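Reader: Could you take me through the salt bridges of this model, and through how open to solvent their partners are?

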Amino acid sequence: MSEPGAAAATAAPVEKTEAQLRKEKEREEKKKAKLAKFEEKKKAQADKAAAAAGSEKKAEKKSKKPAKEKETIEYTADTAPGSKKDVSNSMPSSYSPKYVEAAWYSWWEKEGFFKPEYRHSGMAPRRGKFVIPIPPPNVTGSLHLGHALTNAIEDCLVRWHRMRGDETLWNPGCDHAGIATQVVVEKKLKRERNLTRHDIGREEFVKEVWKWKNEKGDRIYNQQKAMGCALDWDRACFTMDPKLSTAVKETFVRLHDDGTIYRSKRLVNWSTRLKSAIADIEVDKVELPGRTLLSVPGYEQKIEFGVIVSFAYRIHEGEGEIVVATTRIETMLGDTAVAVHPKDERYKHLHGKSVWHPFRKTTIPIVTDDFVEMDFGTGAVKITPAHDPNDYDVGHRHDLPFLTMLTDDGLITDIVEEFKGMPRFDARTSVLEALKKEGLYRETKDHPMVVPVCSRSKDIVEPLIKPQWFVKCDEMASNAVNAVKSGELRLVPKMHEKTWFGWLENSRDWCISRQLWWGHRIPAYFVTFKDASKPSGEDTDGSFWVSGRNEEEALQRAAAKFNVAADQIILTQDEDVLDTWFSSAIFPFSIFGWPEKTADVESFYPNSLLETGHDILFFWVARMVFFGTKLMGKLPFPEVYLHAMVRDAHGRKMSKSLGNVIDPLDVIHGITLEQLHEQLRSGNLDPKEVERAIKGQKEDYPSGIPECGTDALRFALCAYTAQGRDINLDVNRVVGYRHFCNKLWNACKFAQMSLGDGYQPPAEDTVHLSGDRSHMEAHMDRWILSRLTFAVDEVNTGFEKYDFPTATTACYNFWLYDLCDVYLEAIKPVVNSDDEAAKTASRNVLYTCLDNGLRLLAPFMPFLTEELFQRLPKRSDSIPPSIAVCPFPENLGYRDEVLERDVQTVQDVIHSLRSMRSEYLTPKDRPQAFVTCSTEEIATTTRTFTQQLCVLGGVKEMTVLRGEAAPAGCAMISLSDKLQVHVLVKGLIDVSKEISKQEGKLQRLHEQIQKLNKDMARPDYDTKVPEKVRQSNSSKMDQTQQEIAAMEKAIASLKLME
């Protein structure tokens, strides 16, 4: 039998239809086309890969060539420290901060220019005194850009006052920074020797701190010298120096004697990590929107915050319950009452009753108090007097027990045996579970709250009741309020007055005890008696404490107070130290040797000004006002200037964990990105924070920070100080002022060539304009002197009003726009002419501008101005040796506002000429130009300055037309309805090609407008798009529309030439 397939195989082939054959052919052609396309694509990829490989080889070959590094110019002369810098050599080719800043500071210091006693016959006549204490930085570390802002502002003010003739003193100093320093040294001790302070004892530990301070403490002073700070270093003070320590003891004893300082058991901010009370300023208020898990030192797991827990207390000897709520459920262990509002109808039947505490197995009363908010929660509030500020006040009003449920190190006390010894946040969970077990738990809800965090230890701060020393503040606060209201004390900016009044009118007494070893040990002694029959007091009883400047004095005081023989008394000095702010509060007079009646106290107290950041308005400024008025009978200063806080370019607070805390020396000298990273790695940051900070540095400083120099940094910081609350500092702007320094350098180099080698300025500084002054240059000489006068007036006004941006802008505009861009260009024909009288006049004017212009800048840029000043010829031998002690310019009297207006018109014409030349012509083209004027006044002005218009406008010839039209073939810009500027471009450009090009640009601009309109027309645009983006879009829209209007005018002008 045959296989089925065999028959099929031998069967005759079936013929295909024409349609089938056509389809097969189409499929075959498609297949071939697809294959050809694939091969073409394959070839293109191969070509691309080959090209890339070639590029890599080229790049590799190129990379093998060493990059040509920019040469760093340095000062190499053999100048001994304190000797004057050698400026006899020629100026280097370009500005170099390293070169310019070398050698000057040690000479200034040795010559005594920064001392109030310094005098020179060439200085400005004595006016008065200007005394300012430096806000003493903490000895713990180095300065950051916030400190640099403080130093820059204060140094500018000090230099300005000195140059004006004031007897000037800026007193340096450093703060011992109790908590911060102790923490640093404790960490060092643990890291290097695996010891705690308790292992070595108090005396040895204090020796370790002093050793650390002596090794590291000069870093801040060196930074300030690098910043050019004109401080009187012979008067430098450290708050733990014997002189200041004596003043601290004297202050305590005097205020204890009159009852201003007293001992009491009160609620304080307690850091369980530091085991110390801390100041309000050392508590960071962390705002939480709701449930949040936070890391807490000493706990492996994160702790829940931002929730409020409701639970019930059962009514004792009755039915029902009362529900209360708390964000700190563990504190219910110390509850001693439940409070309701006396007018709350829901609870009137419970007045006078009590509830049952489920864990202490006792009753606690229900009290009525107006502080309760009836409409918040259930209208009932748990009261824990020993652990909450509001509850503390309620406890006193109702004579409630104050039960402490936390130990100093954050463990539960024996208040409830079940929870005894449990860490507080472990107890939080356990108490909650116990309440559930008792059937008293009701609910947990998200709750926005503020968590107090210790800025030093990052621990959660607890309110605890402690026997401490306090300063009574009510009377002193009232006097401080009245001082501002009466105008006796002025706060600048004025907006801070509201904060001042709000805080002082509600101020509490100041806790000054700190449970530390580093600091001023409190000069108070607890008295006990050897005679056991004599009653002894409690540690909390202030009547059994005496104070003394030393132990011997305290013993005599105790003997007199208790009428007991001195040899029968036992004194025990308080182990605590004083809050760091206590010694800072007397800084304005302790630095001068008070309580001794020294010559410095007589001469320099009160100070003239206090300048600082607004963040320490109360913690330092108010307390200086308190103690100055109390102890000296006078305000410590009549004015307080509060500068803004420095933030990064994104508006973020400076924080090491963000990687945006910058050492000013890194901006001055420059630093690579890797070096910035290394600073983070070698610090004390958590590894996770280091990675986050490194990421931030990569984003903000991808190429590191270039060398900017001290002068550029100082100028930038002062230029930023608009009188507000925050400064968003962009380091790139500092780089911009570094370029400004280079412009000054080059301008002075050119100016010196213009003056000539043998130039000797007139002995008197009044400029006499001689020669044929009918020419254009005579007007320009008078114009630049007018602009100089304006700049001088603006700078002085800026300093007087603490408006530093006005002063820096005036300096910048005068040097860059008036002197460099206009005057130096305008006098080139004069300097190169044969008119000796005109040359002499212009040289004298130029010298006056350089001399006064440098003096104007000297407070902001001390190094650069000194370098350039020393290279200028001097009017006479009576000129002071340094620009730092030269008279500051004022009341020059050359102002001519009519002339300035005329020259501004000329400048507008020049800008129009340059604009049209740039738009239509090549740099080599020198076309004819015309101005059409509708008034004779404008025509006269432009005719007067024809030469300047040709030179600075880059045109061959300038014709002023009055009542005539400009010839055909001109491009035109209209400055006003009275003045138009024309440039003859016909024959110099391909008109049709130019029109086509401009119309293409116009089309692209219209497309941009359409896209912006589309984006901004979205229904959710105002709600979904960030405000910054919306502002940017609006700005782009305005700019593009202006460009369109200008472009349409240009095209219309071109079409007239066809």
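Author: A residue counts as buried under 20% relative accessible area, as exposed over 50%, and as partly exposed in between. The model discussed here is predicted.

Reader: In which class of accessibility does arginine 1018 fall, given its salt bridge with aspartate 1020?

Author: The closest N and O atoms of arginine 1018 and aspartate 1020 are 3.4 Å apart. Aspartate 1020 has a relative accessible area of 25% and is partly exposed. For arginine 1018 the relative accessibility is 40%, and because the class between buried and exposed runs from 20% to 50%, arginine 1018 is likewise partly exposed.

Reader: How many residues apart in sequence are the parts that arginine 266 and aspartate 509 tie together?

Author: The side chains of arginine 266 and aspartate 509 meet in a salt bridge, with N to O at 3.7 Å. Arginine 266 belongs to strand S5 (residues 261-271), whereas aspartate 509 sits in the loop between helix H14 (496-504) and strand S20 (510-511), so the parts that this pair ties together are separated in sequence by 243 residues.

Reader: Which residue does glutamate 443 pair with in a salt bridge?

Author: Glutamate 443 is partly exposed at 35% relative accessibility, and its partner is partly exposed with a relative accessible area of 43%. The closest N and O atoms of the pair are 4.0 Å apart, and the partner is lysine 445.

Reader: How many salt bridges does the structure hold?

Author: Besides the pairs above, a network of salt bridges links Lys115, Glu117, Asp232, Asp234, Arg235 and Asp600. For the structure, the number of salt bridges is 61.

Conventions. Residues are numbered from 1 along each chain as its sequence is written. This is a predicted model: local features need pLDDT of at least 70, side-chain atom pairs count only at pLDDT 80 or more; totals for chains, interfaces and linings use all residues. Side-chain values use heavy atoms; hydrogens and water are left out. Helices (H or I, at least four residues) and strands (E, at least two) are DSSP runs, numbered from the N terminus. Buried means under 20% relative accessible area, exposed over 50%, partly exposed in between (1.4 Å probe, protein chains only).
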